Amino acid sequence: MNTTSMPSQDEQEAGQQERWATSDFSPSTAYRAAFLIDGRMTMLEMCIHFLRAKNSIYIAAWGLTPNLPIIRGKHHRAGPDGSPEQEELLIWLRKKGLSESAITFWQESEALTVTSVLGYVTRQGVDVCVLLWDFFSAPLQVGPQQVKEELESYGIRCLTDNGNRDLLNHPIQSLHQKTVVIDNRYAFVGGIDLMTERNGDFDRWDTKGHIYYNLLRQGLDGQMPHSWHDVHFRFEGPAVGDVAYNFYQRWNAVVDRQQLDEALLLPAPSKDVPPTDRRKHEAIPIQVTRTIPTQTYDFAPDGIASIFEAYLHAIGQAQCFIYLENQYLWRRTFLGLDNPTFGPPHEDMERLLQALADALERGVHIVLVLPDHPNVGRHFTDDGLSYLQELAPGAIGAGRLQVYTLATDHQEEEEAGRYYRPIYVHAKVAIIDDYWATVGSANLNDRGMRHDAELNIAMQHETIAHALRVLLMAEHLGVVDEDMLFAMIEIMGRLEPSDEMHRVSGELGALWASLQALLTDPYAAMAAFAKQARTNLEAIRNGHALTGHLVPYIRQNLADDYELAVDATKGWLYQFSKP
């Protein structure tokens, strides 16, 4: 394996300007940034910030399930009143900044759902505004008008954004942003909506262990939802103003388009940050990037594609490795038929795949983590991977492209055997050279880059990018206990980035040191990925337990190489699932 050294600090700084997008928001800064891996941690942090809100909560969502429990299990109720476990939970909630009244609400609520929590803060005088995509049909949820009516019954203001109704320009467009802004001070950006499918499948709340059978995730129909892997990002600082401004633009555009009461119009947000915050926190270089489709909003009639721009710049600067997690990798436009023959190539995605191929050809290693059975378009991802191979055959032959998916397993009664099931990879993450990273809502297809409304953040910070890669790889490899990984990520969100875990002693400090030893070298980490994927493939063949979750992503046209059946739309793990 190529062991080209990582870029020096001087080299990183020399390429810094070339990595920023220039077509929308300018580069800014953030403080107290934290990555939130998977739904349990993300929704827990959101809920705590909801209950701490003083003035406003603005939520832009692709979808929302009003009765979705966002806090479950031991974080809702750790034990009987007065028990050591429950007292420890109450101490933890106080440390998180919750008032005694909010803690009482937490304890006394039978379920901490989206509407119960947001309804509570609305009663405390907080202005809660939710902007929902108003789609033609209901692919994964109850219809938006029904959601709107239920939210409004709790005093929550809700608008349904029908800006996607231009069938000529955007035949299968969605308004896909997933952002939360609280008090114009805290922002959440990523891939997680507060929702589940109407029958309970595709529940975004999941733990890092991605357990095959988790009773906290059981659907209303008694079935167990597919495990769900996703990533969000929380931060403070001036860049929050850009996320807030995006919400303000979209919300007010809907008010104008639908000729609603002008009292619904929101004032433009301020980017002012208290001087004390500027003094006491390390500034993190960050940029809010967007996809805004053409002919959708009056504030950008020609559209915005700064996510695409940021990806092209960053990939073009890559020197050693690119780590990607995404729901799709499409070269072609999906028009409703899961067959690439009926999907014309899209110029933006061909440019993006060419940039990845150019990186491969100059010696960069690329790791892709994709879902084995996406909701649509697996055949399109296979086509994208085949196109990448055509563009960089030498690099593929040299093993510089590694493609994986995630799986979980469960042992039934001994005679029934062991079952395996895909984990839905929904994250939209890229990490390049442990220096540049992006997290957000944009998928690697023409919709994410051009035709859906999306929002990502891009950052240039060596410590944060490195830590995010290490913790994602550690989760997939299964080299750390779930609760320890949760605690480690939580602590990192409270530290200044450059402190990393250096000031943390004891068990967590020792664990972080061991993960650093195992995964700091990206080439050693990639070798560990390759070895474990091979081991887990053999485990599935022989009905044995998985180690972690990593298994190969197998294209249909490579099925014979693996001596496995691979379906063009369902993947290969389905054949090992419980009947």
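**Note on the predicted model: buried sites, cores and overall form**

1. F308 is located in helix 10, which covers residues 306-317. The model discussed here is a predicted one. F308 has a relative accessible area of 4%, under the 20% limit, and therefore counts as buried. Once neighbours within four places in sequence are set aside, the contacts of F308 are D348, R351, L352, M449 and R450. As a further reference for its position, the C-alpha atoms of F308 and I366 lie 18 Å apart in space, with the two positions 58 residues apart in sequence numbering.

2. A244 offers a second buried site for inspection. This residue sits in helix 8, residues 240-257. Is A244 buried or exposed? A244 is buried, because its relative accessible area of 4% falls under 20%. Beyond residues up to four places away in sequence, A244 touches V181, N184 and P269. A244 and E85 are separated by 159 residues in sequence, and their C-alpha atoms by 38 Å in space.

3. Which residues have the most contacts inside the largest nonpolar core? They are I57 and F235, in a core of 125 residues. Helix 15, residues 462-477, supplies the largest share of this core, with ten residues. Another core, of 40 residues, lies apart from it; A305, F308, A357 and A458 are among its members. The F308 of point 1 thus belongs to this second core.

4. The surroundings of F235 merit a separate look. Excluding neighbours within four places in sequence, F235 is in contact with A30, Y31, R32 and A33, with R185, Y186, A187 and V189, and with V240, V243, I286 and I457.

5. Two residues should be checked for their backbone geometry. D183 is not a glycine, yet it has a positive phi of about 55°. D183 is placed in the loop that runs between strand 7 (179-182) and strand 8 (186-190). F202, likewise not a glycine, also has a positive phi of about 55°. The place of F202 is the loop between strand 8 and strand 9 (228-229). F202 has a relative accessible area of 15%, and because this is under 20%, the residue counts as buried.

6. The overall form of the chain is as follows. The chain contains 19 helices and 21 strands. Along the principal axes, its C-alpha atoms fill a box of roughly 60 × 60 × 50 Å. The radius of gyration is 23 Å, which agrees with the value near 25 Å for a compact globule of 579 residues. Among contacts between residues at least 6 apart in sequence, 77% join residues at least 24 apart.

7. Burial, surface and charge complete the description. Of the 579 residues, 63% count as buried. The chain exposes about 21600 Å², and 49% of this area is supplied by carbon and sulfur atoms. How many positive and negative side chains does the chain have? There are 49 positive and 77 negative side chains, and the centres of these two sets lie 3 Å apart.

Terms used
Residues are numbered from 1 along each chain as its sequence is written. This is a predicted model: local features need pLDDT of at least 70, side-chain atom pairs count only at pLDDT 80 or more; totals for chains, interfaces and linings use all residues. Side-chain values use heavy atoms; hydrogens and water are left out. Helices (H or I, at least four residues) and strands (E, at least two) are DSSP runs, numbered from the N terminus. Buried means under 20% relative accessible area, exposed over 50%, partly exposed in between (1.4 Å probe, protein chains only). Contact means heavy atoms within 4.5 Å. A nonpolar core is a set of buried Ala, Val, Leu, Ile, Met, Phe, Trp, Tyr and Cys residues joined through side-chain atoms within 4.5 Å. The radius of gyration is taken over C-alpha atoms; the globule rule is 2.2 Å times the number of residues to the power 0.38. Accessible areas come from the Shrake-Rupley method with a 1.4 Å probe; for residues, only the protein chains shown count as cover. Lys and Arg count as positive and Asp and Glu as negative; His and the chain ends are not counted. The place of a charge is taken as NZ of Lys, CZ of Arg, CG of Asp or CD of Glu.
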